[in-house]
Amino acid sequence: MNVIFNYFGDVFGAIKSLWAGMCVTGYYFIHPGQIVTQKYPENRRKLVMFERFKGEVIMPHDENNQHACTGCGICEINCPNGSIEIISKKITNPEGKPERIIDKHIYHLSMCTFCGLCIKNCPAKAIVWGQQFEHAVFNRHKLTRVLNLPRSSMKKKTKESKKL
Amino acid sequence: MNFSIYDFTSFINWIDNSLNSYMSPGWAILVELVILGLVFIAFYAVIGLYLVLAERKVCALIQNRFGPNRVGPIGMFQTIADLIKLLMKELIYIKHADTFLFNIAPFIVIIASFMAIAALPFAKGLHAIDLNIGIFYMIAVSSLGVIGILISGWSSNNKYSLIGAIRSGAQVISYELSVGLALLSIVIFSGTLQLSGIVESQANGWWIIKGHIPAIISFIIFLTTCTAETNRGPFDLAEAESELTAGFHTEYSGIKFAFFFLAEYMNMFILAALAATVFLGGWMPFHIAGWEGMNNVMDYIPPVIWFFGKTVVVILIIMWFKWTFPRIRIDQILTLEWKYLLPLNLMNIVLIAFIVLMGWYIK
């Protein structure tokens, strides 16, 4: 007798659990508002990427066209596949002291694996992740970028910011 | 000639008589067969293509996606574009394949489903052939397709194909029993094997309502087994993409692959139409005895719409199964059939015979 009870218990238990699964999918089927897919080319104007998204390496400049890169070259050393080249030069500042500034911070997007070692190791926080991801171009050379803008200069660290 | 969308008998007779008045009876039958064949080919292509699209849309909605939405409005022409692509693809020649069997296998599969569609009553008087053993014919013909699957697996010279074909054989031969027995329950209720007779017997209510609990059990068993019969998920072991690449049609390309694909969807349509005809009243409108007003409103909707509406509902349920349940193993499939569905079905048949004997159903 117990065997028969177990048998029908199995049958009804199976139907119950299958019905529970069908309820979940049925709920999604009749609720198109649950759709998570984004229609990409249509929504590109209002598309907001996540903060952690690694689109490309950029060098932010402030309103005075100044960046924070000291040209130390740590990013270049840390890059595992040689995507970064820094061309720096020595100048004499108005105080008469010799100073190193970057001439060109070259970033090869075509070689970058987006590992983030350069950004993690930058002592001056001069480079950050950008959110731009539409990188398709017709010529590979267009993927080689100079990150510092023309005629930009280095942001001088004030005493307050040094303390911070 | 008075043509009506509620009764096609006069329309069919008019075609028959006018053909017979132009030519000898032999030629008239030949022309009728050609017309019928063309109509069914067109029907086949349209239904097959739109079922594929419907499946992709249903699956997308269940998985919180959009599905095809680029070719035409809401992706209407996606499958037509796919078909054109498949037509232009190369038919790849397989080394050491049994060429003759390899080439005829897709045709066997598609002819089997083609034969089954002939017996379906689409509306009053609108069926290609009204056999007095309609259900028996449908069961017999719908199991022919597995021969094509076995041949394709055997002749492909590919171990994946062979495993897929053998699995499909074991599965279809097992589930054939339950399909037959589930349909037999309604045959006991209605007392006829003729599909049009079964539809006529549901004029005062569908069998799933008139036959109450045992008919509902039969309906559930039939839905389960016809999902297995058509090799669809969760019983899609014969193709099992994750294990066997594509199972029996791994080596097929181009239009031969499209034949297998179309036949799978048409088999689903045919079994859903059979379920609708036998359990849900076919083209018969929804009637409740005594409610004359509602019955008249229901009669106003054309039978073809009733037939396709019911079929679409059954198809949606089968698709819902596929996109909810994970694929089960071959031993689980055979356990389900031989230890659960078949004994339950036999008990159900005995119960129905008793109920019919005592007259405990809604007459």
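**Exercise 1. Determine where B:K89 lies in chain B and whether B:K89 is buried or exposed, or in between.**

Solution. Step 1: B:K89 is located in the loop that joins α3 (78–88) to α4 (99–117) of chain B. The structure under study is a predicted model.

Step 2: The relative accessible area of B:K89 is 45%. Buried means under 20% and exposed means over 50%, so a residue in between is called partly exposed. B:K89 is therefore partly exposed.

Step 3: A distant part of the sequence is then compared in space. B:K89 and B:I255 are separated by 166 residues in sequence, while their C-alpha atoms are 7.5 Å apart.

**Exercise 2. Characterise helix α12 of chain B by its span and its burial.**

Solution. Step 1: α12(B) has 26 residues, which at 1.5 Å a residue should span 38 Å. The expected span is 1.5 Å times one less than the number of residues. The end C-alpha atoms of α12(B) are 38 Å apart, in agreement with the expectation.

Step 2: Of the 26 residues of α12(B), 21 are buried, so the helix is largely enclosed by the rest of the structure.

Step 3: The chain just beyond the helix is examined. B:G281, just after α12(B), has a positive phi of about 85°.

**Exercise 3. Describe the largest cavity: what is its volume, and which residues line it?**

Solution. Step 1: Four cavities of 30 Å³ or more are found when the whole structure is searched. The volume of the largest cavity is about 250 Å³.

Step 2: Its lining consists of 20 residues, and those nearest the centre are B:I149, B:E229, B:T230, B:N231 and B:N267.

Step 3: The lining is assigned to elements. In chain B, α6 (145–155) and α12 (254–279) each give at least two residues to the lining of the largest cavity. The largest share, seven residues, is supplied by α12(B).

Step 4: Sorted by class, the lining of the largest cavity comprises ten nonpolar, seven polar and three charged residues.

**Exercise 4. Describe the largest pocket: how much space lies in it, and which elements line it?**

Solution. Step 1: The largest pocket holds about 1200 Å³ of space.

Step 2: A total of 32 residues line the largest pocket, and A:A14, A:I15, A:L18, B:I220 and B:T224 are nearest its centre.

Step 3: Two or more lining residues come from each of α1 (2–29) of chain A and α10 (212–229), α14 (303–324) and α15 (330–358) of chain B.

Step 4: The lining of the largest pocket has 27 nonpolar residues, four polar residues and one charged residue.

**Exercise 5. Analyse the interface of chain B with chain A: how many residues are in contact, and which three residues of chain B supply the most buried area?**

Solution. Step 1: Contacts are made between 19 residues of chain B and 20 residues of chain A.

Step 2: About 1800 Å² is buried between the two chains, 73% of it on carbon and sulfur atoms. Of the area that chain B buries against chain A, 34% is supplied by B:N64, B:F66 and B:W320, more than by any other three residues.

Step 3: One of these residues, B:N64, is placed in the loop between α2 and α3 of chain B. B:N64 is buried, with a relative accessible area of 13%. Although B:N64 is not a glycine, its phi is positive, at about 60°. Most residues other than glycine have a negative phi.

Step 4: On the chain A side, A:T25 belongs to helix α1 and counts as buried at 10% relative accessibility. Beyond residues up to four places away in sequence, A:T25 touches B:I62, B:W320, B:W323 and B:T324.

**Exercise 6. Compare B:E55 and A:S83: where does each lie, and which residues does each contact?**

Solution. Step 1: B:E55 is part of helix α2 (residues 25–62) of chain B, whereas A:S83 occupies the loop between α3 (74–78) and β3 (84–92) of chain A.

Step 2: B:E55 is buried, with a relative accessible area of 3%. A:S83 is likewise buried, with a value of 1%.

Step 3: Neighbours within four places in sequence are set aside. On that basis, B:E55 contacts B:R232, B:Y265, B:M319, B:K322 and B:W323, and A:S83 contacts A:I106, A:Y107, A:H108, A:M111 and A:C112.

Note on methods: Residues numbered from 1 in each chain as written. Chains lettered and ligands numbered in written order. Predicted model: local features only at pLDDT ≥ 70, side-chain atom pairs only at ≥ 80, totals over all residues. Heavy atoms only, no water. 1 Å grid on protein atoms, 1.4 Å probe; cavity = no way out; pocket = protein on both sides within 12 Å on 5 of 7 lines; lining within 4 Å. Points joined across faces, edges and corners; volume = space filled by probe spheres on them. Helix = DSSP H or I, 4+ residues; strand = E, 2+ residues; numbered from the N terminus. Nonpolar A, V, L, I, M, F, W, Y, C, P; charged D, E, K, R; others polar. Buried < 20%, exposed > 50% of the residue type's maximum accessible area, 1.4 Å probe, protein only. Contact = heavy atoms within 4.5 Å. Buried area = accessible area lost by both parts, 1.4 Å probe.
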